[in-house]
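This report concerns one protein model and selected features of its fold. The sequence and the coordinates are shown first.

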Amino acid sequence: MGLDAFVYCRCWQDGLATPCPAGPVGYDEDGWLALVQTGGYDGAADNAFYSWMSGDACPHRHMELVSEHVANWAGVRLFQQALRAAGEHRFPALAAALPDANGGSLPADRAAVVLAELDTYAGIARITDEVELIDEATGRVLMQYVESYRGVFMFGPGFQAGVDPDGFFVLDRADPPVTLFRAARFSQRPLPGDRVEFTVGGTRTVVAMRPVGEHGEPPPERLAVRNRSRSGGDFAYVVEPLRRLCAASVSTGSPVMWC
């Protein structure tokens with residue numbers, strides 16, 4: 001799950017597309033190219049329209065000049081978090097452009113402003129310090145603090161776990177939640193029955209959950225929370241797809257369609 005987007009090509013507007021066999025087409029109120037159906041919904045016609053659109057309507061698949069996966073939602077939230085740290089007043093169009101859910105669009109005139117702000121953002125030498133949970137042996141990042149998620153990164157039937165500026169934490173699912181474990185540097189050991197033993201100094205805590213950071217490989221033994229300075233270049237994973245989308249929007253006059 002994440003944020004994707006595309007920009008339509010101009011083949012239909014410029015009369016370069018082949019005729020749609022299902023009937024006339026046009027943009028609906030949300031900016032989507034759609035089959036014009038005046039006599040009620042016709043499923044067969046709708047299927048023929050989408051077949052045409054994804055096939056031989058024009059050289060562009062689905063009539064999209066550019067199609068991008070921007071980031072998963074955690075990546076989008078981290079980018080928005082960094083924007084707030086950098087100062088949303090410095091990047092008002094960019095801050096307003098990013099949606100909070102799938103759907104909606106960004107008009108071409110606003111995309112032009114966002115494009116300029118992206119160039120400025122990418123050049124910032126230091127934006128913020130990011131809180132991360134790492135495998136001490138390898139430096140592999142296991143979790144990152146996402147403010148809008150209150151740091152929670154793992155959910156289970158009886159727990160929720162994550163990382164925040166005060167360290168790694170495990171809470172139960174009571175209301176209000178009770179802290180089962182918290183530490184900035186610790187070790188873990190898997191136990192039978194989907195349990196894990198966390199150790200800090202001589203204190204051991206057993207929690208009914210899977211080890212942190214297993215993901216198909218042996219889980220790390222020693223973990224630690226660190227702060228890492230982030231620059232605009234560290235967010236190229238979001239900046240570059242946004243740049244391509246906005247450039248395509250400016251060149252075609254078509255909006256960026258979030259999906």
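The sections below treat an internal cavity, a group of paired strands and some backbone details of this predicted model.

## Internal cavity

The structure contains 1 cavity of 30 Å³ or more. The space in the largest cavity comes to about 30 Å³. Its lining consists of Leu94, Ala97, Leu98, Leu106, Val114, Leu242, Cys246 and Trp258. Two or more residues of this lining come from each of the elements α3 (92-97) and α5 (236-252).

The character of the lining is uniform in its classes: 8 residues are nonpolar, with no polar and no charged residue.

## Strand β10 and its partners

Strand β10, which spans residues 167-172, is mostly covered, and 6 of its 6 residues are buried. On one pairing, β10 is joined to strand β9 (residues 159-164) by 6 bridges, and the two strands run antiparallel. Within this pairing, Gln160 has Leu171 of β10 as its bridge partner. The two strands β9 and β10 make a hairpin, with 2 residues between them.

β10 also pairs with strand β11 (residues 179-183), again in the antiparallel sense, over 4 bridges. Here Phe168 has its bridge partner, Ala183, in β11. A hairpin is formed by β10 and β11 as well, with 6 residues between them.

## A cis peptide bond between β10 and β11

The loop between β10 and β11 holds Pro176. The peptide bond leading from Asp175 to Pro176 is cis, and its omega is near 5°. As a general matter, most peptide bonds are trans.

## Residues with positive phi

Most residues other than glycine have a negative phi. Which value does phi take in His62? The angle is near 60°, which is positive in a residue other than glycine. His62 belongs to the loop between α1 (43-54) and β4 (64-72). With a relative accessible area of 30%, His62 is classed as partly exposed, because this class lies between the cut-offs of under 20% for buried and over 50% for exposed.

Asp194, likewise not a glycine, has a positive phi of about 55°. Its position is in the loop between β12 (185-191) and β13 (195-200). The relative accessible area of Asp194 is 43%, so this residue is partly exposed.

Key: Residues numbered from 1 in each chain as written. Predicted model: local features only at pLDDT ≥ 70, side-chain atom pairs only at ≥ 80, totals over all residues. Heavy atoms only, no water. 1 Å grid on protein atoms, 1.4 Å probe; cavity = no way out; pocket = protein on both sides within 12 Å on 5 of 7 lines; lining within 4 Å. Points joined across faces, edges and corners; volume = space filled by probe spheres on them. Nonpolar A, V, L, I, M, F, W, Y, C, P; charged D, E, K, R; others polar. Buried < 20%, exposed > 50% of the residue type's maximum accessible area, 1.4 Å probe, protein only. Pairing = 2+ DSSP bridges.
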